Amino acid sequence: MKKQMTVAALCLALCLPCAKAETPSPDYSSMTKDELHAVIDQARQALMAHEVYLDSDKVILDEQGILVTMRADYMVEYDAFTTTLIVENNSDKKITLLPENVYVNGWQVYAMGVSDLEPGKKAEGKFFIGTISRANVDDAEDLEDLEFEFNVFDCDAFETVFTSEKIHIAF
């Protein structure tokens with residue numbers, strides 16, 4: 001009896017995943033215009049949940065006592081993108097904020113961050129991204145997305161405190 005129960009449980013465990021009904025793909029061709037717009041709106045909302053849109057000031061980093069807000073005052077001129085960063089250093093280390101792996105519209109570019117911020121202090125600095133013409137950006141309307149990480153660097157110990165997750169900004 002014990003052997004039969006074990007075999008039955010094993011068969012059930014193996015067969016249940018196969019019996020799971022798959023969700024059918026929607027038939028877009030049979031949908032009305034309003035139904036299609038509803039699907040598009042749902043997809044857009046799901047996408048926006050994964051991206052930060054720079055239409056107002058946004059907190060882009062809040063980790064280990066470092067708070068970084070990106071202002072929506074960006075501009076493009078002289079082959080560069082600039083915006084304002086407000087950095088609050090609530091850690092016990094003197095830090096420099098180094099942008100790394102910076103991409104504009106999928107093209108790798110050069111960037112500079114905020115340097116030598118003492119513990120317990122705040123700074124307003126410019127986030128400068130240069131050589132953006134290689135990304136075919138001549139003015140702000142050409143910006144599609146910006147992707148980067150911050151290396152938070154301890155100026156006294158001369159070592160990385162942490163590197164942020166990838167930050168993605170959509171325009």
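Colleague: Let's start with I95: is it buried or exposed?

Modeller: Happy to begin there, and please keep in mind that this is a predicted model. I95 belongs to strand β6, which covers residues 95-104. Its relative accessibility is 2%, and the limit for a buried residue is under 20%. So I95 counts as buried.

Colleague: How far apart in space are I95 and L117, C-alpha to C-alpha?

Modeller: In sequence, 22 residues separate I95 and L117. In space, their C-alpha to C-alpha distance is 5.2 Å.

Colleague: Thanks! What is the relative accessible area of I129?

Modeller: I129 is in strand β10, the run of residues 122-130. It is paired here with Y103, 26 residues away in sequence and 9.3 Å away in space, C-alpha to C-alpha. I129 is buried, because its relative accessible area is 0%.

Colleague: Now for charges: how many salt bridges does the structure hold?

Modeller: One of them joins D92 and K93, whose closest N and O atoms are 3.2 Å apart. D92 counts as exposed at 63% relative accessibility, while K93 counts as partly exposed at 29%. The number of salt bridges in the structure is seven.

Colleague: Which residue forms a salt bridge with K126?

Modeller: The closest N and O atoms of this salt bridge are 3.9 Å apart. K126 sits in strand β10 and its partner in the loop between β3 (66-70) and β4 (75-77), so the bridge ties together parts 53 residues apart in sequence. The partner counts as partly exposed, because its relative accessibility is 34%. That partner of K126 is D73.

Colleague: And how many residues apart are K166 and E147?

Modeller: K166 and E147 form a salt bridge, with 3.8 Å between their closest N and O atoms. This pair links distant parts of the chain: K166 is in the loop between β12 (159-163) and β13 (167-170), and E147 is in strand β11, which puts them at a separation of 19 residues.

Colleague: Are K166 and E147 buried, partly exposed or exposed?

Modeller: K166 has a relative accessible area of 42%. For E147, the relative accessibility is 25%. Values from 20% to 50% fall between buried and exposed, so K166 and E147 are each partly exposed.

Colleague: Which residues are joined into one network by salt bridges that share partners?

Modeller: Here the salt bridges have partners in common, and this is what makes a network of them. The residues joined are D57, R71 and E124.

Colleague: Which residues form the negative surface patch?

Modeller: One of its members, E141, is in the loop between β10 (122-130) and β11 (145-154). E141 is exposed, because its relative accessible area is 67%. Together, the residues of the negative surface patch are D79, D138, D139 and E141.

Colleague: Moving on to the rings: why is the pair of Y74 and F171 edge-to-face?

Modeller: The count of aromatic pairs comes to seven. In the pair of Y74 and F171, the ring centres are 5.0 Å apart. Planes over 60 degrees apart count as edge-to-face, so the pair earns that name through its plane angle of 70°.

Colleague: Where do Y74 and F171 lie along the chain?

Modeller: Y74 counts as partly exposed at 26% relative accessibility, and F171 is partly exposed too, with a relative accessible area of 27%. The two are 97 residues apart and link distant parts of the chain. Y74 lies in the loop between β3 and β4, and F171 in the segment after β13.

Colleague: Which residues do ring pairs link into a cluster?

Modeller: Y74 and F171 are among them. The cluster that the ring pairs make is Y74, F81 and F171.

Colleague: One for the backbone: what is phi of Y78?

Modeller: Y78 is in the loop between β4 and β5 (80-89). With 77% relative accessibility, Y78 counts as exposed. Its phi is positive although Y78 is a residue other than glycine, with a value near 55°.

Colleague: And what is phi of D116?

Modeller: D116 is in strand β9, residues 114-117, and counts as partly exposed at 47% relative accessibility. D116 is not a glycine, yet its phi is positive, at about 50°.

Key
Residues are numbered from 1 along each chain as its sequence is written. This is a predicted model: local features need pLDDT of at least 70, side-chain atom pairs count only at pLDDT 80 or more; totals for chains, interfaces and linings use all residues. Side-chain values use heavy atoms; hydrogens and water are left out. Patches are made of residues with over 30% relative accessible area and no salt bridge: like charges are joined within 9 Å, nonpolar side chains (Val, Leu, Ile, Met, Phe, Trp, Tyr) within 5 Å. Accessible areas come from the Shrake-Rupley method with a 1.4 Å probe; for residues, only the protein chains shown count as cover. A salt bridge is a side-chain nitrogen of Lys or Arg within 4 Å of a carboxyl oxygen of Asp or Glu. Lys and Arg count as positive and Asp and Glu as negative; His and the chain ends are not counted. The place of a charge is taken as NZ of Lys, CZ of Arg, CG of Asp or CD of Glu. Helices (H or I, at least four residues) and strands (E, at least two) are DSSP runs, numbered from the N terminus. Buried means under 20% relative accessible area, exposed over 50%, partly exposed in between (1.4 Å probe, protein chains only). Rings of Phe, Tyr and Trp (its six-membered ring) pair if their centres lie within 6.5 Å; planes under 30 degrees apart count as stacked, over 60 as edge-to-face and the rest as tilted.
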